[in-house]
Amino acid sequence: LPPGTLVMLILRVLRAEPLHGYAIAQRIHQLSREELQVEEGSLYPALQKLLLKGWVKGDWTRSETGRKVRVYRITASGRKQLDVELAEFRRTTRALELLIDSA
């Protein structure tokens, strides 16, 4: 994934509903029609970054299987940042498409 894309994808998935880390990775995989796979080694550092920036909040709870999990939810500032990230991604994608189509 291009730099910054994972942060955008996490925020986008959390916009729909709060999820724990594994569920975030699964949801990205499902929504991408199984094209994107988010590895644990990338996901949890990105979630930590989002927590530090205040774009998500995390609350500890128990999963259906009884495991202790942290459920993440997007904050108001995270929603604003998602709008910024989406606009930048779309701008970059359009520029890349123009370059590829004209080359």
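The following exchange covers the strands, salt bridges and surface patches of a predicted model.

Reader: What should I know about the model before reading the values?

Author: The model is predicted, so residues are numbered from 1 along each chain as its sequence is written, local features need pLDDT of at least 70, side-chain atom pairs count only at pLDDT 80 or more, and totals for chains, interfaces and linings use all residues. Side-chain values use heavy atoms, with hydrogens and water left out.

Reader: How many helices and strands does the protein chain have, and what makes a run count as one?

Author: The protein chain has four helices and three strands. Helices are DSSP runs of H or I with at least four residues, strands are runs of E with at least two, and both are numbered from the N terminus. In that direction the elements follow the order α-β-α-α-β-β-α. The C-alpha trace spans about 55 × 30 × 20 Å along its principal axes.

Reader: How do you know that strand 2 and strand 3 pair?

Author: Two strands pair if DSSP finds at least two bridges between them. Strand 2 (residues 56–62) and strand 3 (residues 68–74) have seven bridges, in the antiparallel sense, so they pair by that definition. Among the partners, Gly 58 is bridged to Tyr 72, Asp 59 stands opposite Val 71, and Trp 60 has Arg 70 as its partner. The two strands form a hairpin with five residues between them, and Gly 66 in the turn has a positive phi of about 95°.

Reader: What makes strand 1 a partner of strand 3?

Author: Strand 1 (residues 19–20) is joined to strand 3 by two bridges, and the two run antiparallel. The definition asks for at least two, so the pair counts. Leu 19 stands opposite Tyr 72 of strand 3. The three strands form an open antiparallel sheet in the order 1-3-2. Strand 1 and strand 2 are the edge strands, each pairing on one side only.

Reader: Why is the contact between Asp 59 and Arg 73 called a salt bridge?

Author: A salt bridge needs a side-chain nitrogen of Lys or Arg within 4 Å of a carboxyl oxygen of Asp or Glu. The N to O distance for Asp 59 and Arg 73 is 3.7 Å, so the pair meets the definition. Asp 59 lies in strand 2 and Arg 73 in strand 3, so the salt bridge ties together parts that are 14 residues apart in sequence.

Reader: Are Asp 59 and Arg 73 buried or exposed?

Author: Neither word applies. Buried means under 20% relative accessible area, exposed over 50%, and partly exposed in between, with a 1.4 Å probe and protein chains only. Asp 59 is at 41% and Arg 73 at 36%, so both are called partly exposed. Of the 103 residues of the protein chain, 35% count as buried.

Reader: How many salt bridges are there in the whole structure, and where is the one formed by Glu 88?

Author: A search of the whole structure finds two. Glu 88 forms one with Arg 91, where the closest N and O atoms are 2.6 Å apart. Both residues lie in helix 4, three residues apart, about one turn of the helix. Glu 88 is partly exposed at 38%, and Arg 91 is partly exposed at 46%.

Reader: What makes a group of residues a positive patch?

Author: Patch residues have over 30% relative accessible area and no salt bridge; like charges are joined within 9 Å, and nonpolar side chains (Val, Leu, Ile, Met, Phe, Trp, Tyr) within 5 Å. Lys and Arg count as positive, Asp and Glu as negative, while His and the chain ends are not counted. The place of a charge is NZ of Lys, CZ of Arg, CG of Asp or CD of Glu. The positive patch here is formed by Arg 12, Arg 15, Arg 27, Arg 79, Arg 90 and Arg 94. Arg 79, for one, has a relative accessible area of 38%, so this residue passes the 30% limit.

Reader: Which helices supply the positive patch?

Author: Helix 1 (5–16) and helix 4 (76–102) each supply at least two residues. The largest share, three residues, comes from helix 4.

Reader: Which residues make the nonpolar patch, and how is its area obtained?

Author: Leu 96, Leu 99 and Ile 100 make a nonpolar surface patch of about 330 Å². Accessible areas come from the Shrake-Rupley method with a 1.4 Å probe, and for residues only the protein chains shown count as cover. Leu 96 is found in helix 4. The relative accessible area of Leu 96 is 46%, so Leu 96 too is over the 30% limit.
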